[in-house]
Amino acid sequence: MSKQVTFEITTETGRLDKVLSALMADESRSQLKEAIDKGEVAVNGGTTKPKYQVQPGDQIVVTIPDPVKLDLEPENIPLDIVYEDDDVIVVNKPSGMVVHPSPGHPDHTLVNALLYHSPLSTINGTYRPGIVHRIDKDTSGLLMVAKNDNAHRSLATQLKNKTNLREYIALVHGVIKQDEGTIDAPLGRSPKDRKRQAIVADGRHAVTHFKVLERYLNYTLISCWLETGRTHQIRVHMKSIGHPLAGDPLYGPRKTINGSGQFLHAKKLGFKHPVTGKQLVFEAPLPDDFERVLRRLREQTPGLH
């Protein structure tokens, strides 16, 4: 049977979806916006819109439906598991693998493989069990996965509070002159193309830090640290400063380095264990095709050591 959570607003103000996101740290703003749109959130006894401006004195009632029984087919797909215990799994996802099922990718995803391997948390709904955060299909590297709901809540809170570590390695077009930098620009769906993200004035807060690792004739290898985890964040942010990712079919130039997609790898992942509180840090080496491209670029760059 579904349950209800009631909030009596005292000092909070702002958009309903933003206020609820602060009050319910386990849920993403997009999930809460969907709940509001479905009529599962009532303000002062009536339904409203995500942009409703919350005022002190408002009573908000959120109806949390029962978990939907999973209707996904577990698939015996090999996994590169970096770490596993009773609560979490850290997996090194290969480029080309979709993280969770969607209308365009109903099976052969990381979730299908994980369901064959282990029980997963149910918080993220029918098609994203266990998935606390995601990376794009053609991005390789580390993901943390929750095996139960308590672990999921802890890991999701760490993401929301920006206390976890996520470091990426990216190969970008052009030679970046400065040794390091920060891109602070809000991201949202592009008004011109719904498949793309873009820097938009009313977008969600997004911050990417980067540092140059190596410079080549026409490319730069960088590491990136994320303060936020928005869709396509590194890809859009680097394009915005004139250095799109090599191989990126959506945001990069037509003339680029051929590969299985953008040259982006989630190299390092750190978080506190949801039960023991111990700080855990994991690293995954670059994929072989990424390393081959770097070797070729080094050979073509005079004076690089």
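# Briefing: two domains, two helices and two nonpolar cores

K162 has a relative accessibility of 41%, so it counts as partly exposed, because that class covers values from the 20% limit for buried residues to the 50% limit for exposed ones. This value, like those below, comes from a predicted model. The chain is divided into domain 1, residues 3–64, and domain 2, residues 81–300. The points below cover the domain layout, the helices α3 and α5, the nonpolar cores, the annotated residue D136, and a few residues with particular backbone angles or polar contacts.

**Domain layout**

- Domain 1 spans 3–64 and domain 2 spans 81–300.
- The centres of the two domains, taken over C-alpha atoms, are 29 Å apart.

**Positive phi outside glycine**

- Most residues other than glycine have a negative phi.
- K162 has a positive phi, near 60 degrees, and is not a glycine. K162 sits in the loop that joins α4 (149–160) to β10 (165–173).
- H232 also has a positive phi near 60 degrees and is a residue other than glycine. Its place is the loop between β15 (219–226) and α5.
- H232 has a relative accessible area of 16%, so it counts as buried, the limit being under 20%.

**Helix α3**

- Helix α3 covers residues 110–117, and six of its eight residues are buried.
- The buried residues of α3 are L110, V111, N112, A113, L114 and L115.
- These buried residues pack against two strands, β8 (88–93) and β9 (140–146).
- At the start of α3, the backbone nitrogen of V111 has a side-chain oxygen of T109 within 3.3 Å.

**Helix α5**

- Helix α5 (residues 233–240) is largely enclosed by the rest of the structure, because six of its eight residues are buried.
- Those buried residues are Q233, I234, R235, V236, H237 and M238.
- G242 follows α5 and has a positive phi, near 85 degrees.

**Nonpolar cores**

- In soluble globular proteins, nonpolar side chains tend to be buried together.
- The largest nonpolar core of this model contains 29 residues, and Y168, I222, I234 and M238 have the most contacts inside it.
- At least two residues of this core come from each of β8, α3, β9, β10, β14 (207–215), β15, α5 and β16 (264–272).
- The element that gives the most to this core is α3, with four residues.
- Another core, of 15 residues, lies apart from the largest one and includes V90, A146, L155 and F271.
- I222 touches Y168, I169, A170, V172, I176, F210, K211, V212, L213 and M238, with residues up to four places away in sequence left out.

**The annotated residue D136**

- An unreviewed UniProt entry lists D136 under "active site".
- D136 belongs to the loop between α3 and β9.
- With a relative accessible area of 11%, D136 is buried, because this value is under the 20% limit.
- Beyond residues up to four places away in sequence, D136 touches K93, H232, R235 and Q262. Among these contacts, H232 is itself buried, and R235 is one of the buried residues of α5.

**T220 and its polar contact**

- T220 lies in strand β15 and is buried, with a relative accessible area of 0%.
- The side chain of T220 reaches the backbone oxygen of G174 at 2.7 Å.
- Apart from neighbours within four places in sequence, T220 is in contact with A170, L171, V172, G174, V175, I176, V212, E214 and R215.

**T301, after helix α6**

- T301 is found in the segment that follows α6 (288–299).
- The relative accessible area of T301 is 11%, so T301 counts as buried under the 20% limit.
- A polar atom of the T301 side chain lies 2.7 Å from the backbone oxygen of L297.
- With neighbours within four places in sequence set aside, T301 is in contact with R215, Y216 and L217.
- R215 also appears among the contacts of T220.

Terms used. Residues numbered from 1 in each chain as written. Predicted model: local features only at pLDDT ≥ 70, side-chain atom pairs only at ≥ 80, totals over all residues. Heavy atoms only, no water. Domains from an automatic or database assignment. Buried < 20%, exposed > 50% of the residue type's maximum accessible area, 1.4 Å probe, protein only. Contact = heavy atoms within 4.5 Å. Polar contact = N/O pair within 3.5 Å; in protein donor to acceptor, adjacent residues only side chain to side chain. UniProt positions renumbered as here; feature names shortened; annotations may be inferred. Core = buried A, V, L, I, M, F, W, Y, C linked by side-chain atoms within 4.5 Å.
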